[in-house]
Amino acid sequence: MASGLLNIFSTSPFKGIQAHMDTVHLAAKLLPQFMDAVYAENWTDAARMNAEVVALENKADDQKRYFRLHLPSGLFLPVSRTDLVELLHNQECVANKVKDICGLISG
């Protein structure tokens, strides 16, 4: 009986959201440095930063996939499941845009 009641409550999903946010933030922080390298016509550094952005965006994709697969389905999440998925989607859009910008300029 007690374990059935405890299954209603889930662990906090915020650790996964924060890890994803940190990865997206690292990718976004590379964009100004990438642009500086482009303006300086330092294509070696620009290519290196582009590769870092791609790697971080891929990591963010993996984190998003893992989060969605392991998002607690308990009845009592601290916030709405829909809100969490939407936040994750919005964060992912940032990483995708950074990758797109770097890719377009590098190409």
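## A walk through four helices

Start with the whole chain as a cartoon: the protein has four helices and zero strands. Keep in mind that this is a predicted model. Colour from the N terminus and you can follow the elements in the order α-α-α-α.

Now switch on the surface. The protein exposes about 6900 Å², and carbon and sulfur atoms supply 61% of that area. Of its 107 residues, 31% count as buried. If you like contact maps, open one here: among contacts between residues at least 6 apart in sequence, 77% join residues at least 24 apart. The next stops show some of those contacts by name.

**Stop 1: Leu31**

Select Leu31, which sits in helix 2. Setting aside neighbours within four places in sequence, show what Leu31 touches: Val98, Ile101 and Cys102. Try a distance label from Leu31 to Val98; the C-alpha atoms are 6.6 Å apart, although the two positions lie 67 residues apart along the chain.

**Stop 2: Cys102**

From Leu31, hop across one of those contacts to Cys102. You are now in helix 4, which covers residues 81-106. Is Cys102 buried or exposed? Cys102 counts as buried because its relative accessibility is 0%. Beyond its neighbours within four places in sequence, Cys102 is in contact with Leu31, Phe34, Asn50 and Val53. Add Val54 to the selection for another distance: C-alpha to C-alpha, Cys102 and Val54 are 8.8 Å apart in space and 48 residues apart in sequence.

While you have a cysteine on screen, select Cys93 as well. With 31% relative accessibility, Cys93 counts as partly exposed. Looking for a sulfur-sulfur bond? The structure holds zero disulfides.

**Stop 3: Thr23**

Go back to helix 2 and pick Thr23. At 4% relative accessibility, Thr23 falls under the 20% cut-off, so it counts as buried. Show its surroundings, leaving out residues up to four places away in sequence, and you should find Leu56, Lys59, Ala60 and Gln63 touching Thr23.

**Stop 4: Glu57 and Lys64**

Next, centre on Glu57 in helix 3. Here is a glutamate that counts as buried, at 2% relative accessibility. Which residues is Glu57 in contact with, leaving aside neighbours within four places in sequence? Light up Glu92, Ala95, Asn96 and Lys99.

Keep Glu92 displayed and move along to Lys64, also placed in helix 3. With the nearby sequence positions left aside up to four places, Lys64 is in contact with His20, Leu88 and Glu92. Glu92 therefore turns up in the contact lists of both Glu57 and Lys64. For one more distance label, join the C-alpha atoms of Lys64 and Val85: they are separated by 9.1 Å, with the residues 21 apart along the chain.

**Stop 5: Glu41**

Leave the helices for a moment and select Glu41, in the loop between helix 2 and helix 3. Check the backbone here. Most residues other than glycine have a negative phi. Glu41 is not a glycine, yet its phi is positive, at about 55 degrees. Glu41 is exposed, too, with a relative accessible area of 59%.

**Stop 6: the largest pocket**

Finish at the largest pocket, which has a volume of about 170 Å³. To get there, select Pro13, Lys15, Gly16, Tyr66 and Phe67; of the 12 lining residues, these are the closest to the pocket's centre. Which helix gives the most to the lining? That would be helix 3, with four residues. Colour helix 2 (14-39) and helix 3 (43-70) separately for this view, since each supplies at least two lining residues. Recolour the lining by class and you get six nonpolar, five polar and one charged residues.

Conventions
Residues are numbered from 1 along each chain as its sequence is written. This is a predicted model: local features need pLDDT of at least 70, side-chain atom pairs count only at pLDDT 80 or more; totals for chains, interfaces and linings use all residues. Side-chain values use heavy atoms; hydrogens and water are left out. Buried means under 20% relative accessible area, exposed over 50%, partly exposed in between (1.4 Å probe, protein chains only). Contact means heavy atoms within 4.5 Å. Accessible areas come from the Shrake-Rupley method with a 1.4 Å probe; for residues, only the protein chains shown count as cover. A disulfide is a pair of cysteine sulfur atoms within 2.5 Å. On a 1 Å grid over the protein atoms alone, a cavity is a set of points where a 1.4 Å probe fits but cannot get out, and a pocket is an open set with protein on both sides within 12 Å along at least five of seven lines; lining residues have an atom within 4 Å of a point. Grid points are joined across faces, edges and corners, and a volume is the space filled by probe spheres set on the points. Ala, Val, Leu, Ile, Met, Phe, Trp, Tyr, Cys and Pro count as nonpolar, Asp, Glu, Lys and Arg as charged, and the others, Gly among them, as polar.
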